[in-house]
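I opened the notebook to keep track of what I look up in this structure. The entries are short and follow the order of my checks.

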Amino acid sequence: MAVTINGKEIAEDVVSKVKLSAAKLIEGTGITPGIAVVIVGEDPASQVYVASKGKKARECGFHSEQHTLPAETSEEDLVTLVEKLNADPLIHGILVQLPLPKHIDSGRIIQTISPDKDVDGFHFINVGKLGTGELDTAFVPCTPAGSMLLIDRVLGRDLSGLNAVVVGRSNIVGKPMFNLLLAHNATVTIAHSKTKDLAALCRTADILVAAVGRPQMIKADWVKPGATIIDVGINRIPAPERGEGKTRLVGDVDFADAATVAAAVTPVPGGVGPMTIAMLMANTLVAAYRSAGKTPPR
Ligand code: NDP
């Protein structure tokens, strides 16, 4: 039976280190790491995410600002706010919560964020740095960065000789995950909806990362014995056993089934999810250290 990779515990460890390093920076330079989270509209899921980011930032001892704008905010007004935050010395990290309302071009907004404050790692400069292996100066998107740290805890930093398969090719998870695994010497294949015989491909993976958005798609017979599985998926499914109309969260991996074959698996919830927010804090800390001309802690 596989080991369950405890993302919650590892995320708490990351956050406690961030807290210590933030205190050191404040004591040594008087600079308090600052994060601004911008939300446009009233999407309830986004509201929850934004509130939890603010709470975690305060727990880390950061200066935290939330800018809540009405759904009808114009693209120009949002650009103006981002430019103001780019110039604000109290702010080291800027996060614009996605998705934005349809009338706003998210691409333009993301490219307006200063690459030095782009703690989500979505600006072309940071995407390019990750793609060219400039990891020391890039901001890496939080979910893949957190997933990588979980892999690191199980297998170590050097993945030489290991085959990795990433299922999903989105810009926010699949592609950066591919680049990170490659940077750590894994031999990486990226799969997507047009991939032929996905199950057979997944069975070649010593490291299997699922970022698809299909509940419990990956079963035991897709898994190589002894594999490490990182389940990024978050899917809500009906849970009539909990009562009428109740739901529960599951990943893209059938955890109980896959765990009979794999060596280590992340649960959902409690795996990659908590790591995402922890890495946002870590990225903001790094941004603050860089702005102070100091080498960020590793
Ligand atoms: P996207 O919808 O942007 O991408 C999904 C990817 O999966 C696409 O590349 C798509 O292929 C591929 N895909 C879809 N169906 C299949 C299939 N049947 N077989 C193989 N590949 C398939 O999703 P995201 O990357 O944004 O998110 C993926 C999952 O991760 C979601 O469940 C999301 O909720 C979760 N997530 C979790 C986070 C966390 O903090 N834990 C953070 C971000 C996301 P194609 O490109 O060909 O369409």
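These entries cover the domains, the shell around the ligand and one helix.

Entry 1. I noted before anything else that this is a predicted model.

Entry 2. I looked up the domains. The domain assignment gives domain 1 as residues 30-114 and domain 2 as residues 142-273. I then checked the C-alpha centres of domain 1 and domain 2, which lie 29 Å apart.

Entry 3. I read the UniProt record, an unreviewed entry. It annotates residues 141-290 as "domain: Tetrahydrofolate dehydrogenase/cyclohydrolase NAD(P)-binding". Over residues 141-290 I found 35% helix and 19% strand. The end C-alpha atoms of this stretch are 17 Å apart.

Entry 4. I turned to the ligand. How many residues surround the ligand? I got 25, and the closest are G168, S170, S193, G213 and T276. Sorted by class, the shell has twelve polar, ten nonpolar and three charged residues.

Entry 5. I asked which helix gives the most to the shell around the ligand. That is α10, residues 272-291, with three residues.

Entry 6. I stayed with α10 and checked its length. At 1.5 Å a residue, its 20 residues should span 28 Å, because the expected span is 1.5 Å times one less than the number of residues. The end C-alpha atoms of α10 are 29 Å apart, which agrees.

Entry 7. Is α10 mostly covered or uncovered? It is mostly covered, with 18 of its 20 residues buried.

Entry 8. I looked at what comes after α10. The helix is followed by G293, whose phi is positive, near 75 degrees.

Key. Residues numbered from 1 in each chain as written. Predicted model: local features only at pLDDT ≥ 70, side-chain atom pairs only at ≥ 80, totals over all residues. Near = placed C-beta within 6 Å. Helix = DSSP H or I, 4+ residues; strand = E, 2+ residues; numbered from the N terminus. Nonpolar A, V, L, I, M, F, W, Y, C, P; charged D, E, K, R; others polar. UniProt positions renumbered as here; feature names shortened; annotations may be inferred. Domains from an automatic or database assignment. Buried ≥ 20, exposed ≤ 12 C-beta atoms within 10 Å, placed from the backbone.
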